[in-house]
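Open the model in your viewer and keep the sequence panel handy. We'll go from stop to stop, and at each one you'll get something to select and a note on what is there.

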Amino acid sequence: MTLSVKQKATFWKAWAAVKGERQDLSAAELETLRHQTIKETTGKSSLTKVAHLEQFESLMAEVCRMGNNIEGACYWAIGSDRRVRVMVERCACQLAQIADIDDKSPEAIWAYVRGIAQQAKLPERLDDIAEPDLFKVFQMLDTHRRRKLEPLLGKSVTGLWDGDHSIVIDDPPAPAKLGFNKNAGFFFLGGYLVMVTNVINDKPRKKVIASFTAKVIPPTT
């Protein structure tokens with residue numbers, strides 16, 4: 001059975017977010033990318049030929065990831081292996097943000113993770129992790145993430161991103177929470193490492209006003 005009208009509308013809404021993320025591409029290049037994404041995730045040549053169950057879910061998970069909609073990607077990645085793979089991807093990204101590596105591309109992030117976990121002998125690509133090993137890899141990365149954060153003192157803050165790194169520190173500070181949050185992101189603002197707990201994109205965009213609740217961790221000297 002092919003997609004319903006509602007499913008097609010869901011796809012086009014998610015694809016609009018991809019277009020917003022890839023403003024560097026022309027209309028023709030975006031159309032090519034769309035057809036390529038459909039082909040690679042479903043094996044079909046167009047949206048009209050995509051089946052309404054697993055093919056659609058796989059397509060939506062990939063499109064949401066491309067649009068930096070992590071919540072949506074986790075929702076559509078209904079298979080347990082795909083869901084854990086998203087968790088591994090997010091945890092790796094958070095480790096790279098905490099380390100403040102210059103290159104935030106997926107390839108550079110995974111190269112950094114392989115470097116700090118050499119004993120695990122991780123494969124060259126995240127996608128090459130065998131399904132039975134996914135959760136073990138996540139646990140290892142999450143343990144490393146916690147160890148990076150534990151020595152740092154945290155304060156609860158509220159803030160407003162307005163392109164000028166505006167943050168307002170609450171009083172009194174709240175206790176630190178080190179649990180994994182797939183929607184969290186780490187950024188350096190004004191010399192502090194800030195954990196934004198309701199992040200959607202991997203980094204705030206300039207000229208976009210976005211409120212957040214965050215944790216400021218004083219920089220180490």
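Which residues of the largest nonpolar core touch the most other members? Select Phe11, Leu47, Val50, Phe56, Leu59, Met60 and Val63: out of the 21 residues in that core, these are the ones. H1, helix H2 (27-42), H3 and helix H4 (70-76) each supply at least two residues of this core. H3 gives the most, with six residues. Bear in mind as you click around that this is a predicted model.

**Stop 1: Phe11**

Centre the view on Phe11. The residue is buried, at a relative accessible area of 1%. Hide its neighbours within four places in sequence, and the contacts that remain are Arg34, Ile38, Leu47, Phe56, Leu59, Met60 and Val63.

Now add Trp15. Both residues sit in helix H1 (residues 5-21), four residues apart, or about one turn of the helix. Their rings make a stacked aromatic pair, with 6.2 Å from centre to centre and 15° between the planes. Is Trp15 buried or exposed? Trp15 counts as buried, with 3% relative accessibility. Add Trp12 as well, and you have a cluster of Phe11, Trp12 and Trp15 linked by ring pairs.

**Stop 2: helix H3**

Next, select residues 54-66, which make up helix H3. This helix has 13 residues and reaches 18 Å from its first C-alpha to its last, close to the 18 Å expected at 1.5 Å a residue. Colour Phe56, Glu57, Leu59, Met60, Ala61, Val63 and Cys64 to see the buried residues of H3. Step just past the end of H3 to Asn68, where phi is positive, at about 60°.

**Stop 3: the cysteines**

While you're here, go back to Cys64, which is buried at 4% relative accessibility. Then jump to Cys93, also counted as buried, at 8%. Why is Cys93 not bonded to Cys91? The sulfur of Cys91 is the closest cysteine sulfur to that of Cys93, but the two are 9.9 Å apart, too far for a bond. With sulfur atoms within 2.5 Å as the rule, the count of disulfides comes to zero.

**Stop 4: the other core**

Apart from the core you began with lies another one, of 20 residues. Select Ile101, Tyr112, Leu126 and Leu141, which are among its members.

**Stop 5: helix H7**

Move on to residues 134-149, helix H7, and show Phe135 and Phe138, three residues apart, about one turn of the helix. Phe135 is partly exposed, with a relative accessible area of 43%, whereas Phe138 is buried at 7%. How are their rings arranged? The ring centres are 6.0 Å apart and the planes meet at 35°, so this pair is tilted. The structure holds five aromatic pairs, and you have now looked at the angles of the Phe11–Trp15 pair and the Phe135–Phe138 pair.

**Last stop: the whole chain**

Zoom out and colour by secondary structure. There are seven helices and five strands, and along the sequence they run α-α-α-α-α-α-α-β-β-β-β-β. Switch on the surface: the accessible area is about 13,000 Å², with 53% of it belonging to carbon and sulfur atoms. Of the 221 residues, 37% count as buried. Finally, take the contacts between residues at least 6 apart in sequence: 55% of them join residues at least 24 apart.

Terms used: Residues numbered from 1 in each chain as written. Predicted model: local features only at pLDDT ≥ 70, side-chain atom pairs only at ≥ 80, totals over all residues. Heavy atoms only, no water. Phe/Tyr/Trp six-rings, centres within 6.5 Å; stacked < 30°, edge-to-face > 60°. Buried < 20%, exposed > 50% of the residue type's maximum accessible area, 1.4 Å probe, protein only. Contact = heavy atoms within 4.5 Å. Areas by Shrake-Rupley, 256 points an atom, 1.4 Å probe, with all protein chains shown as cover. Expected span 1.5 Å × (residues − 1). Core = buried A, V, L, I, M, F, W, Y, C linked by side-chain atoms within 4.5 Å.
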